[in-house]
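Let's take a friendly look at a protein model, one feature at a time. Have the sequence and the 3D view ready as you read.

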Amino acid sequence: MTSSPYKIIPPTFTAIPSLEVGRAVTVTAVETPDAGLEAIGHLVGTAGDVPEALGLDRAALDRAGFGGTTGETLLVPSNDGAELVAVGIGDSALTTSSLRDVAAAFARAAKRSARIGLVLPELPGISDADAGAVITEGILLARYTFSALKSKPKETPLAAVELAVAAADVDAQRDGIRRGIVTSRSAALARDLANAPPSHLTATDLADIAVQLGAEFGFAVESYDKAQLIEMGCGGLLGVNAGSAEEPRMIKLSYTPATGAANGRHVAFVGKGIMYDSGGISLKPSDPMHLLMKMDMGGAAAVLGAVTALRDLNCPTAVTAFLSCTDNMPSGSAYKLGDVLTARNGTTIEVKNTDAEGRLVMSDALVLAAEGEPDAIVDIATLTGAALMALGGATAALLGNDDAVIEAVKAAGAASGESVWQLPLEKSYRKQLDSDIADISNLGGPHAGATTAALFLAEFVDGIPWAHLDIAGTMQSTTDESWRSKGATGFGARLLADFAVAYGTD
Ligand code: BES
Ligand code: MN
Ligand code: ZN
């Protein structure tokens, strides 16, 4: 790990805290909850029977102000034994997505307890495997905290989770739990990386971490330094890096499914890895939004998180990923407005705003991805404030050049509970990117910013079926809500893992 004089606190990431997810915590399927648990949750609808074990009837719950709506919780303290938690499930059948939310609400209500259990009725319409997976995700992700830099963390870390289900296929459920642990760990890793302060996690640090993770989770890692990037003609990434005291890195991850398990398909992922986005010479104002720009590598973090899950999910699809990493800084050596950069495929780009840097670093990575001739490319980037303005913090913008890939991303979004919404790749806006002196400019007009940014990216995928996720809105949450914990959400890690696993299965 590189060190620098202003890393007052030693680098956090020699030990990656999120890797304890599923190690320090055990999640087990049991018949009846263990006597040693500190909190036990029971599901209660807005109508119908109240589980006897709660020791309260409907009238008592009503008096306590608990109506049983989805995500509502009521803590029932007890002198001895576990405190009981009534967890609302509303009035309609649970879906995998609402079940994940319900499990998260329970885990938050029981936040002072390290050992918790959830008692489940039969869940019509949800397979035992899916139930195990989404409950595990909801609980583990709701209890995620980034406490690596706190002297005295105040949150109670989770130690044990028990899921008690009546008359279920316990083996299937155990398999689901195992899946849920793997996907939660990949999202928690993405959160750790995005929550890390910008001077704790530089592009070179991220490359070092990727190497470490590759050895542990079974994928190959190559990383290209500045000299190599010059050889490779990656002018977009190098241009953005010009103002930085830190070297850039293009990090390549390769996952190959075990022989016999492979489906013969190959997808490429590309992640925006701006370790810190100051705006460069087009400097951002010093408002709270600027502070969040340490998370401008949320796309790269999601891709890295997803790739750590593939072996353990027995993913049959081969995956190649490129993380395009640098910070975007103003300085005497910084790239300037009016500069022209040449991307790896020879496209010349006039820089009209140095804060539209994401699309510049993505251009080279998309070209590299396309050179591998994958069946599909999916990129993920904290690309535009416009995506945040249009869709807010819950839903990511989805654009692309191919309906099948777009539909597959939508399906992965639904399965992971990471919500996406398609915006049009309106070709008639392409002329907004015209440049008088180069092939293209990096700045569109004042409207439809998410679309013009995607139209820029489309120039670099060489016609390969491609989908783009703009996660500027979903990269972080200002509140604890369902599985999203305050701070970085890790959005996209679970979605991309699901996409790769499902790709080519139909
Ligand atoms: N990293 C930002 C986008 C962003 C904004 C992410 C808010 C997360 C939250 C990106 O590099 C950026 O600055 N985009 C500009 C582009 C503009 C100059 C064309 C934007 O959206 O304002
Ligand atoms: Mn920017
Ligand atoms: Zn940015």
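## Two helices side by side

Contact here means heavy atoms within 4.5 Å. Helices (H or I, at least four residues) and strands (E, at least two) are DSSP runs, numbered from the N terminus. This is a predicted model, in which local features need pLDDT of at least 70, side-chain atom pairs count only at pLDDT 80 or more, and totals for chains, interfaces and linings use all residues. Residues are numbered from 1 along each chain as its sequence is written, chains are lettered from A and ligands numbered from 1 in the order in which they are written, and side-chain values use heavy atoms, with hydrogens and water left out.

Which residues of helix 4 meet helix 9? Among them are Val182, Arg185 and Leu189, while helix 9 offers residues including Ala301, Leu304 and Thr308.

## The zinc site

The zinc ion (ligand 3) is held by Lys272 (NZ), Asp277 (OD), Asp296 (OD) and Glu357 (OE), at 2.0 to 2.4 Å. Donors are N, O and S atoms within 2.8 Å of the metal (3.2 Å for Na, K and Ca); water is not among the atoms, so sites may look incomplete. Along the chain, the donors of this zinc ion follow the spacing K-x4-D-x18-D-x60-E.

Aspartate 277 also bridges the zinc ion (ligand 3) and the manganese ion (ligand 2), which lie 3.2 Å apart.

## Buried donors

Buried means under 20% relative accessible area, exposed over 50%, partly exposed in between (1.4 Å probe, protein chains only). Lysine 272 counts as buried because its relative accessibility is 1%. Glutamate 357, at 0% relative accessibility, also counts as buried.
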